[in-house]
Amino acid sequence: GNYESSRGTIYLVNVQKGTKRRITEGSNPTFVSHGRAIIFERPGADSRATSDLWYLDLFPGATPRKIVSDGSQPSGRPLAK
């Protein structure tokens, strides 16, 4: 896959204040853990068009961690609780 064309920036937007904060690079973010974290995609390391799934807690200083390599192949285990 073409990493440059598929890379995006994920922002956390405060609708009431009209502000946004850049939190990480990736795409297709989904809230999990009752809105306290997100799962998102980043392109896989190999040349095929695959995506790895990443988990990020939404508190300052949190670091994304890869939870599934090659999201096109189900891992058979829960992603996050």
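1. Read from the N terminus, the elements of the protein chain follow the pattern α-β-β-β-β-β-β, which amounts to one helix and six strands. The reader should keep in mind from the outset that this is a predicted model.

2. As for the chain as a whole, 27% of the 81 residues of the protein chain count as buried. The accessible surface of the protein chain comes to about 5700 Å², and carbon and sulfur atoms hold 51% of that surface. Among the contacts in the protein chain with a separation of 6 or more, 15% are accounted for by residues 24 or more positions apart.

3. Four strands form an open sheet, in which the order is 3-4-5-6 and the pairing is antiparallel. The edges of this sheet are taken by strand 3 (27-32) and strand 6 (65-68), and because each of them has a single partner strand, one side of each is left without a neighbour in the sheet. If direction is ignored, neighbouring strands of this sheet are turned against each other by 35° on average.

4. Within the sheet, strand 4 (residues 37-43) and strand 5 (residues 51-57) run antiparallel and are joined by seven bridges. For a reader who wishes to find this pairing in the model, phenylalanine 40 offers a place to look, since tryptophan 54 in strand 5 stands opposite phenylalanine 40.

5. Threonine 30 deserves a separate point, as this residue is found in strand 3, one of the two strands at the edges of the sheet. With a relative accessible area of 45%, threonine 30 lies between the limits of 20% for buried and 50% for exposed, and therefore counts as partly exposed. Once the neighbours within four places in sequence are left aside, threonine 30 is in contact with Ala37, Ile38 and Ile39. The C-alpha atom of threonine 30 is also separated by 6.4 Å from that of phenylalanine 40, a residue ten positions away along the chain.

6. Outside the four-stranded sheet described above, the residue to consider is tyrosine 11, whose place is in strand 1 (residues 9-14). Tyrosine 11 has a relative accessible area of 38%, and is therefore partly exposed. Together with Val13 and Val15, Tyr11 makes a nonpolar surface patch of about 320 Å².

Definitions and conventions
Residues numbered from 1 in each chain as written. Predicted model: local features only at pLDDT ≥ 70, side-chain atom pairs only at ≥ 80, totals over all residues. Heavy atoms only, no water. Buried < 20%, exposed > 50% of the residue type's maximum accessible area, 1.4 Å probe, protein only. Contact = heavy atoms within 4.5 Å. Areas by Shrake-Rupley, 256 points an atom, 1.4 Å probe, with all protein chains shown as cover. Pairing = 2+ DSSP bridges. Axes fitted to C-alpha atoms, helices over the stretch in contact; angles between N-to-C directions. Patch = residues over 30% accessible without salt bridge, like charges linked within 9 Å, V, L, I, M, F, W, Y side chains within 5 Å. Salt bridge = Lys/Arg side-chain N within 4 Å of Asp/Glu carboxyl O.
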